[in-house]
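Biologist: Before we begin, could you show me the chain and its fold, so that we can talk through some of its features together?

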Amino acid sequence: MDAFEKVRTKLETQPQEEYEIINAEVKHGGFVYYQEGCCLVRSKDEEADNDNYEVLFNLEELKLDQPFIDCIRVAPDEKYVAAKIRTEDSEASTCIVVKLSDQPVMEASFPNVSSFEWVKDEEEEDVLFYTFQRNLRCHDVYRATFGDNKRNERFYTEKDPSYFVFLYLTKDSRFLTINIMNKTTSEVWLIDGLSPWDPPVLIQKRIHGVLYYVEHRDDELYILTNVGEPTEFKLMRTAADTPAIMNWDLFFTMKRNTKVVDLDMFKDHCVLFLKHSNLLYVNVIGLADDSVRSLKLPPWACGFIMDTNSDPKNCPFQLCSPIRPPKYYTYKFAEGKLFEETGHEDPITKTSRVLRLEAKSKDGKSVPMTIFHKTDSEDLQKKPLLVHVYGAYGMDLKMNFRPERRVLVDDGWILAYCHVRGGGELGLQWHADGRLTKKLNGLADLEACIKTLHGQGFSQPSLTTLTAFSAGGVLVGALCNSNPELLRAVTLEAPFLDVLNTMMDTTLPLTLEELEEWGNPSSDEKHKNYIKRYCPYQNIKPQHYPSIHITAYENDERVPLKGVVNYTEKLKEAITEHAKDAGEGYQAPNVVLDIQPGGNHVIEDSHKKITAQIKFLYEELGLDSTSVFENLKKYLKF
């Protein structure tokens with residue numbers, strides 16, 4: 001007890017950074033369902049912040065190593081709750097179904113479930129629809145019932161291996177949508193939420209290059225699609241009983257260079273979450289009068305975190321940035337105003353700056369950048385710089401809150417996020433201009449960004465570092481081959497570095513699915529020759545390289561370890577060969593390959609990985625890391 005009191009006193013007197021990372025949580029009826037410790041629990045909504053909760057299932061029964069709940073769905077009448085369970089070191093998941101009663105009991109469990117949703121049939125029976133994932137491919141849809149009428153059957157299988165399937169329940173629960181997609185094309189089927197055993201209805205047969213997503217309200221379908229010119233997302237609508245494309249009417253168009261981040265449907269409003277010219281906006285559309293209200297959000301904000309919300313009067317969401325924890329905002333429809341969470345004001349707002357700049361690429365394209373640094377920093381040219389890049393799949397560069405990024409800024413670093421082509425920050429065309437035989441645009445953009453940063457007084461090559469994960473490794477590896485003099489050090493996590501050999505191996509789980517992004521070098525000589533021009537592994541040569549730290553995962557199915565190991569060995573050979581001709585006094589760069597156990601692709605919150613990467617950067621730049629690790633302890637449990 002004495003020891004406990006000492007610890008408690010220390011915690012009460014020690015200043016703590018106030019931020020909260022929200023785990024999977026669902027509100028249904030008068031309850032909130034969430035994870036507490038190693039248990040799935042529920043509590044009454046008004047008591048959700050107290051310790052007064054009911055344990056529904058102990059995750060330790062699954063005999064998994066540090067399991068966590070990834071997703072929760074509650075059956076319509078709250079007879080059952082389903083939860084998807086994962087572990088940090090694997091992408092495999094298990095879906096459990098718990099029967100809610102005085103003594104909750106696990107009714108069933110299904111392995112390798114990707115997406116899942118509940119509907120209720122005509123007999124008031126709960127039906128669970130779920131997709132089955134095998135080798136990262138998701139092609140099968142099942143439906144299951146429980147209790148006295150237990151059954152489990154597969155009722156849809158996608159035959160094209162380049163497509164994957166996921167389920168989505170419309171906001172009003174009227175329809176379950178079966179979404180069949182690849183990187184550029186989609187097809188949606190509707191399952192009637194009132195008659196889930198009836199055959200699904202096709203909205204529109206897949207058309208190459210046409211993407212669409214579906215919501216429902218008052219017997220109308222609202223369709224977010226890129227059909228027509230320009231080939232960016234626009235909002236269309238049609239009657240639910242005439243869903244084919246010839247009946248779609250244009251309802252709302254976006255400005256140029258706009259990314260649609262998400263859409264949320266309410267009884268009388270549709271809310272669009274947008275990114276335009278590297279700034280965040282919310283557009284509130286009144287469905288009764290077609291009015292539109294556009295709200296420009298605070299300039300510090302870089303990303304949305306959506307809230308699972310069933311309140312028809314309010315639209316809550318969170319805003320975040322790499323150096324600022326999430327902050328709650330709520331748009332109240334009755335008042336027509338946006339309200340922000342009050343209380344503790346994060347000091348980072350006064351001690352740091354966020355800048356939006358642009359670089360001119362070789363072809364004249366303007367490439368947006370987001371930059372963070374301390375407000376009182378002097379002589380920025382002498383400060384260390386950490387550049388972030390991704391540029392693939394039409395996905396935005398991750399800009400969620402990361403405590404290690406915050407402590408770097410506090411320690412005087414400059415952070416730069418380069419939104420190059422191939423990503424999705426400026427819409428669908430931005431992605432199209434950086435995929436297939438336009439991949440080199442992303443490399444030119446990255447080079448232009450770093451040169452622009454140096455030219456405008458942000459750091460210098462000897463203090464410049466670059467980081468990326470997964471497919472972002474393609475551009476980083478390519479830059480290390482083409483312009484190594486721009487960089488001092490690089491950190492990569494689960495990097496994709498051997499594009500050519502990977503895309504020629506059709507036995508790998510994702511090769512066929514990713515032909516639309518990288519091309520088909522097995523059957524198209526043009527694609528093969530183009531990939532050879534930028535593929536990091538293919539273009540390693542004897543020259544000076546920046547020091548490189550690579551984190552890879554032993555059983556990573558997305559980026560096989562073999563390709564990472566081959567790249568590392570070839571790079572070391574090239575460095576050794578260059579060192580022989582460089583003469584005495586030449587200091588060869590360090591190449592570190594850190595292979596972690598497990599089968600996950602990227603473990604974002606791994607304290608071991610974060611520590612190793614920061615330690616590597618500080619040592620390579622000859623900086624004292626004492627204060628940064630002291631500050632990091634405020635956030636991470638060592």
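The questions and answers below take up sheets, helices, a cavity, a pocket and two points along the backbone.

Biologist: What kind of model is this, and how are its residues numbered?
Modeller: Side-chain values use heavy atoms, with hydrogens and water left out, and residues are numbered from 1 along each chain as its sequence is written. This is a predicted model, in which local features need pLDDT of at least 70 and side-chain atom pairs count only at pLDDT 80 or more, while totals for chains, interfaces and linings use all residues.

Biologist: Which strands stand at the edges of the sheet β1-β2-β3-β4?
Modeller: Strands are DSSP runs of E with at least two residues, helices are runs of H or I with at least four, and both are numbered from the N terminus. Two strands pair if DSSP finds at least two bridges between them, and here 4 strands form an open antiparallel sheet. Pairing on one side only marks the edge strands, which are β1 (25-28) and β4 (54-58).

Biologist: Which residue of β4 stands opposite L40?
Modeller: Strand β3 (residues 39-44) runs antiparallel to β4, and 4 bridges join the two. Opposite L40 in β4 stands F57.

Biologist: Why is one side of β17 and of β20 left without a neighbour in the sheet?
Modeller: An open sheet with antiparallel pairing is formed by 4 strands in the order β17-β18-β19-β20. Because β17 (212-217) and β20 stand at the edges, one side of each has no neighbour in the sheet, and each is left with a single partner strand.

Biologist: Which residue of β20 is the bridge partner of M236?
Modeller: Strand β19 (residues 234-239) and β20 run antiparallel and are joined by 4 bridges. The bridge partner of M236 in β20 is L250.

Biologist: Are α5 and α6 roughly parallel or roughly perpendicular?
Modeller: The axes are lines fitted to C-alpha atoms over the stretch in contact, and angles run from 0 to 180 degrees between N-to-C directions. For α5 (residues 439-455) and α6 (residues 472-482), the axes come within 10 Å and cross at roughly 65°. Angles under 35 degrees count as roughly parallel, over 145 as roughly antiparallel, 65 to 115 as roughly perpendicular and the rest as oblique. The crossing angle therefore makes α5, relative to α6, roughly perpendicular.

Biologist: Which element gives the most to the lining of the largest cavity?
Modeller: On a 1 Å grid over the protein atoms alone, a cavity is a set of points where a 1.4 Å probe fits but cannot get out, a pocket is an open set with protein on both sides within 12 Å along at least five of seven lines, and lining residues have an atom within 4 Å of a point. The largest cavity is lined by 23 residues, of which H388, R405, T467, F469 and E493 lie nearest its centre. At least two lining residues come from each of α3 (403-410), β33 (464-469), β34 (489-493) and α11 (607-621). The most, 5 residues, come from α11.

Biologist: What is the volume of the second largest pocket?
Modeller: Its lining has 27 residues, and those nearest the centre of the second largest pocket are E232, R256, N257, T258 and L426. A volume is the space filled by probe spheres set on the grid points, which are joined across faces, edges and corners. For the second largest pocket the volume is about 530 Å³.

Biologist: Where is P230, which follows a cis peptide bond?
Modeller: The peptide bond from E229 to P230 is cis, with omega near -10°. The place of P230 is the loop between β18 (220-225) and β19.

Biologist: What is the phi of N135?
Modeller: N135 is found in the loop between β10 (126-134) and β11 (137-145). Although N135 is not a glycine, its phi is positive, at about 55°.
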